[in-house]
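Work through the following exercises with the sequence and the three-dimensional model at hand. Try each task before reading its solution.

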Amino acid sequence: MAMSTQVRASTGSTLPWQYDVFLSFRGADTRKGFTDYLYKELQRQGIMTFRDDPQLERGTAISPELLTAIEQSRFAIVVLSPKYATSTWCLLELSKILECMEERGPILPIFYEVEPSHVRHQRGSFAEAFELHEDKFGEGNKEVEGWRDALTKVANLAGWNSKDYRYETELIRDIVHELWSRVHPSLTVFGSSEKLVGMDTKLEEIDVLLDKEANDVRFIGIWGMGGLGKTTLARQVYERVSHQFEVCIFLANVREVSATQGLVHLQKQIVSQILKEENVQVWNAYSGITMIKRCFCNKVVLLVLDDVDQPEQLENLVGEKDWFGSRSRIIITARDRHVLATQGVEKPYELKGLNEDEALQLFSWKAFRKYVPQEDYAELSKSFVMYAGGLPLALRTLGSYLYQRSPDAWNSALAKLRSTPNKTIFNLLKVSYDGLDELEKKIFLDIACFHRLYNNESMIKLAYSSEFCTRITIDVLVEKSLLTISSGNEIGIHDLIQEMGCEIVRQESYEDPGRRSRLWLRNDIFHVFTKNTADWNLEAFSKMRKLKLLYIHNLRPSLGPKYLPNALIFLNWSWYPSKSLPPAFQPDDLTELSLVHSNIDHLWNGIKYLSKLKSIDLSYSVNLTRTPDFTETAKVSRVYRLKCIWSFLKHLMYLAAQS
């Protein structure tokens, strides 16, 4: 199901109550009117309410079923109407309610078209009713006196007087609001005894954004990477405040349902809930928009759209603020901040991961069914918590997987994670990657695999200087919660997001690293370059004609390469063994050249046309005797520590030399 419109307030078998509320009333007075509307609203808000069958009232004694319902109800609402006291059934029921609940649970009276003093002192219609009872049972009858005492007690309790309200809908709203606040559970995962770790502060912050008393329409966005708990947070907000709205709808899995069944299907779900009809005909998206606007425009609505990934979904499901009545609130969860911005949500609530203490609590609950780890698992637990990086999905998944396993199994699982990510975590995080275009995927994988190199925006711009859309691509990756950018333009990436990107590349060829698009692990690189040889076989470069980045540090082969790929953008090779670069090397797109501690005597002979080269570092290359002619390399802005320099560097900005 993609839509939820009712949430149980009680937690089922974990509590001694079968019902949240027992509803006591005189059927002939209010069954088809006020009480019926009240019952339906309580049920709609997930407050489980017992209302007796009208057939039961034919007898003079309370049935065992009714007695059981009273005993298993947490609260009671007594609708005291003008003819209430004429029913011996109602009076017997009231006496039983007081017997069961007077000490343990609130009894909430509603004085419906009667004065509380008339109930308290049995005046007016209540006096007339007791005259009839005394004629029937005799004056001074103990049972009748007990009924009088019950009415007096219930009339002294705090409740509601219908005469204080202009409209019955307002009275019902206040009753439901009060009942909701009383039966609402503590923060737990839906349907379980697990508490929601780290949720209190987040709910308080969302509550400020909701500002339910403001007489306007608000769109509130919840944004963050997959697995952080956006859906859980939205669900908790929905459960806590839904009783304050006329119409409440939780539309789940919008991305998935939209992709598999279409937007019209989602529109139909919304309209069906509003009209309380299952077979509503929505012919196309335009008619769906018209129907939603017509149904919502004069109602106070709480609508949650969970996991939205396209602006078209918002355009067709929630449109503009004038679709809704005043005080409506629309909550949208998304991984993509830009999707929220298209709906006017400029500053969404950014959901962050759990801190270390919270993460350990959540992991421990899943792994040990308590909020602290067992003593002999304490250090291992910290290792898994560190691996998860505060991501609730990872903490839940790993904790559940490790439940009741031995320490040896835990160690084995940890070692396995270092080479192969958990499938559940990987698949959930990969959803954001799947929504990228080809250039975005390319840059993301470069950053994931070579984050130490691509750790700031300037490096990305250098690497993709031939592309004119680097800036927008970085923005998209940030908006989709795959990267972060610090105030100093440092690129950040969550460890599990980085691992997801690396795994995508590994999946290109598990058996043969040489068939992958990127190599970054020492063993994989050794596998490619030492295949069938005792030493490094640098001729492998001849098969890597599309290689764009080469970073070799502290590796000292006996001979240098005879060939280097002309597609290189970055060449960073410390202790480079040859006296010069290969003669045929013509890297037209090279932007950075670093040969620190190299054996270089000279870079190349003659003139090289390297129009994109911006940085050269030959620090500590003690054998360097001359530099090449840079006439056609006019964009070079940094040259570091050359032993001797003479050239035509028209754009030279920085120069550091040492003897």
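**Exercise 1.** Find the partner with which Arg-148 forms a salt bridge, and explain how the two residues are placed along the chain.

*Solution.* Begin with the criterion: a salt bridge is a side-chain nitrogen of Lys or Arg within 4 Å of a carboxyl oxygen of Asp or Glu. Arg-148 meets it with Glu-145, since the closest N and O atoms of this pair are 3.9 Å apart. Next, look at the position: both residues belong to helix H7 (residues 142-155), where they are 3 residues apart and therefore separated by about one helical turn; helices (H or I, at least four residues) and strands (E, at least two) are DSSP runs, numbered from the N terminus. An α-helix has 3.6 residues a turn, so residues three or four places apart point the same way. Finally, Glu-145 has a relative accessible area of 36% and is partly exposed, where buried means under 20%, exposed over 50% and partly exposed in between (1.4 Å probe, protein chains only).

This is a predicted model, in which local features need pLDDT of at least 70 and side-chain atom pairs count only at pLDDT 80 or more, while totals for chains, interfaces and linings use all residues. Residues are numbered from 1 along each chain as its sequence is written, and side-chain values use heavy atoms, with hydrogens and water left out.

**Exercise 2.** Determine how many salt bridges a search of the whole structure finds, and describe some of them.

*Solution.* The search gives 23 salt bridges. One of them joins the side chains of Glu-115 and Lys-163, with 3.3 Å from N to O. This pair links distant parts of the chain, 48 residues apart: Glu-115 sits in the loop between strand E5 (107-111) and helix H5 (116-121), and Lys-163 in the loop between strand E6 (160-161) and helix H8 (168-183). Glu-115 is partly exposed at 32% relative accessibility, and Lys-163 is partly exposed at 46%. Another salt bridge connects Lys-212 to Asp-207, whose closest N and O atoms are 2.5 Å apart; here Lys-212 counts as buried at 16%, whereas Asp-207 is partly exposed at 33%. There is also a network of salt bridges that links Asp-211, Asp-216, Arg-218 and Arg-329.

**Exercise 3.** Decide how many disulfides the model contains, and check Cys-295 and Cys-449.

*Solution.* A disulfide is a pair of cysteine sulfur atoms within 2.5 Å, and by this rule the count is 0. The closest cysteine sulfur to that of Cys-295 belongs to Cys-297 and lies 8.3 Å away, which is too far for a bond. Cys-449 is likewise in no disulfide, its nearest cysteine sulfur being that of Cys-502, 4.2 Å away. Cys-295 is buried at 12% relative accessibility, and Cys-449 is buried at 7%.

**Exercise 4.** Is helix H18 mostly covered or uncovered, and which helices do its buried residues pack against?

*Solution.* Helix H18 (residues 392-402) is mostly covered, with 8 of its 11 residues buried, including Leu-395, Leu-398 and Leu-402. The buried residues pack against helices H16 (356-368), H17 (378-388), H19 (407-417), H20 (423-434) and H24 (495-506). Contact means heavy atoms within 4.5 Å, and, leaving aside neighbours within four places in sequence, the residues in contact with Phe-384 include Leu-398 and Leu-402. After H18 comes Gln-404, which has a positive phi, near 60°.
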